[in-house]
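Colleague: I'm new to reading protein models. Could you take me through this one, a bit at a time?

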Amino acid sequence: MRAQCPISDETVRRLSERLVACRFPKRHRLIRANAYSRCAYFIEQGMTRSFWPVEGNEITTSFLGEGGLVFSMDELYYGRPSEEVVETLEPVEAYRIALSDLRELWETDLELCNWGRIIHQNEYRRLHRSHKERLTLSARERYEAFRVQFPDVCRRVNLSYIASYLGITLSTLSRLRGGSE
């Protein structure tokens with residue numbers, strides 16, 4: 001947590017008082033589409049994938065590993081059920097916090113508010129970059145940029161999820177990998 005934005009020991013204590021350690025198996029759905037989860041998760045160990053279920057398909061939107069914070073933006077900010085699913089790709093160790101507690105901390109603790117802002121700043125930048133790359137780069141260039149930006153994901157994640165994230169078919173990704181590795 002401290003790597004993203006320095007926070008004081010007192011702020012860490014206030015946050016820690018509201019966290020509950022939990023473990024989840026591979027393929028567990030932390031957040032479900034069209035449902036309220038009422039929780040956010042700080043990922044201590046393991047990796048998750050977020051995706052939209054669309055007409056029987058799963059469109060991967062992001063991956064998150066150690067040090068990340070997973071929650072439904074729809075639920076936290078708009079009071080609506082999530083449109084996305086967040087599923088564990090590996091066994092996950094996490095700390096759960098109620099969204100109501102997270103909201104209250106962001107509203108009353110300037111350090112945590114700034115920390116949350118930085119998380120969203122970084123996520124906006126990632127989304128903006130991803131959108132730009134999908135519109136301007138070839139499939140090969142998108143894959144190469146992904147490999148540079150997310151080397152850990154490339155080693156830990158099913159290729160079909162990476163292909164979905166990049167907006168290409170699995171066969172195209174397999175061809176690209178054959179020519180670049």
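Modeller: Sure! Keep in mind that this is a predicted model. Let's start with β7, where V85 and E87 sit on one side and V86 and T88 on the other. These four are all buried, so both faces of the strand are covered, because buried means under 20% relative accessible area.

Colleague: Okay, β7 has neighbours then. In which order do the strands of its sheet come?

Modeller: The sheet is an open one with four strands, and its pairing is antiparallel. Strands of a sheet pair through backbone hydrogen bonds. Here the order is β2-β7-β4-β5.

Colleague: Which strands stand at the edges of that sheet?

Modeller: Look for strands with a single partner. One side of such a strand is left without a neighbour in the sheet. The edge strands here are β2 (29-31) and β5.

Colleague: And by how many degrees are neighbouring strands of this sheet turned against each other on average?

Modeller: For this one you ignore the direction of the strands and take the average over neighbours in the sheet. That gives 35 degrees.

Colleague: Can we zoom in on the pairing? What is the bridge partner of R29 in β7?

Modeller: β2 and β7 (residues 85-88) pair in the antiparallel sense, over two bridges. We met one β7 residue on the same side as V85, and that residue is buried. The partner of R29 is that one, E87.

Colleague: How many bridges join β4 to β7?

Modeller: These two strands run antiparallel as well. As an example of who faces whom, T48 stands opposite T88 in β7. The number of bridges joining β4 to β7 is four.

Colleague: There's another sheet, I think. Which are the edge strands in the order β1-β8-β3-β6?

Modeller: This is an open sheet of four strands with antiparallel pairing. An edge strand pairs on one side only. The two that do so are β1 (20-24) and β6.

Colleague: Which residue of β8 does V20 stand opposite?

Modeller: β1 and β8 (residues 92-98) run antiparallel, and five bridges join them. Opposite V20, in β8, you'll find R96.

Colleague: Now the loops. Where is N34, and is N34 buried or exposed?

Modeller: N34 is in the loop between β2 and β3 (39-45). Its phi is near 60 degrees, a positive value in a residue other than glycine. With a relative accessible area of 70%, N34 passes the cut-off of over 50%, so the word for N34 is exposed.

Colleague: R38 is found in that loop too. What is the phi of R38?

Modeller: R38 counts as exposed, at 53% relative accessibility. R38 is not a glycine, yet its phi is positive. The value is about 65 degrees.

Colleague: What about cysteines? Why does C39 not bond to the closest cysteine sulfur?

Modeller: A disulfide is a covalent bond between the sulfur atoms of two cysteines. A pair counts if the sulfurs are within 2.5 Å, and the closest one to C39, in C22, is too far for that. A search of the whole structure finds zero disulfides. The distance that rules out C39 and C22 is 8.2 Å.

Colleague: Is C39 buried or exposed?

Modeller: The relative accessibility of C39 is 14%. The limit is under 20%, so C39 counts as buried. C154 has a relative accessible area of 18%, and its label is also buried.

Colleague: On to the holes. Which element gives the most to the lining of the largest pocket?

Modeller: The largest pocket has a volume of about 1,200 Å³. Of the 42 residues that line the pocket, the closest to its centre are S62, L64, E123, R126 and L127. The lining divides into 18 nonpolar, 15 polar and nine charged residues. The top contributor, with ten residues, is α4.

Colleague: And where does the largest share of the lining of the largest cavity come from?

Modeller: A search of the whole structure finds one cavity of 30 Å³ or more, and the volume of the largest cavity is about 80 Å³. The elements that give two or more residues to its lining are α4, α5 (139-149) and α7 (159-166). Among the lining residues are R126, F146 and Y165. The largest share, four residues, comes from α4.

Technical notes:
Residues numbered from 1 in each chain as written. Predicted model: local features only at pLDDT ≥ 70, side-chain atom pairs only at ≥ 80, totals over all residues. Heavy atoms only, no water. Buried < 20%, exposed > 50% of the residue type's maximum accessible area, 1.4 Å probe, protein only. 1 Å grid on protein atoms, 1.4 Å probe; cavity = no way out; pocket = protein on both sides within 12 Å on 5 of 7 lines; lining within 4 Å. Points joined across faces, edges and corners; volume = space filled by probe spheres on them. Nonpolar A, V, L, I, M, F, W, Y, C, P; charged D, E, K, R; others polar. Pairing = 2+ DSSP bridges. Axes fitted to C-alpha atoms, helices over the stretch in contact; angles between N-to-C directions.
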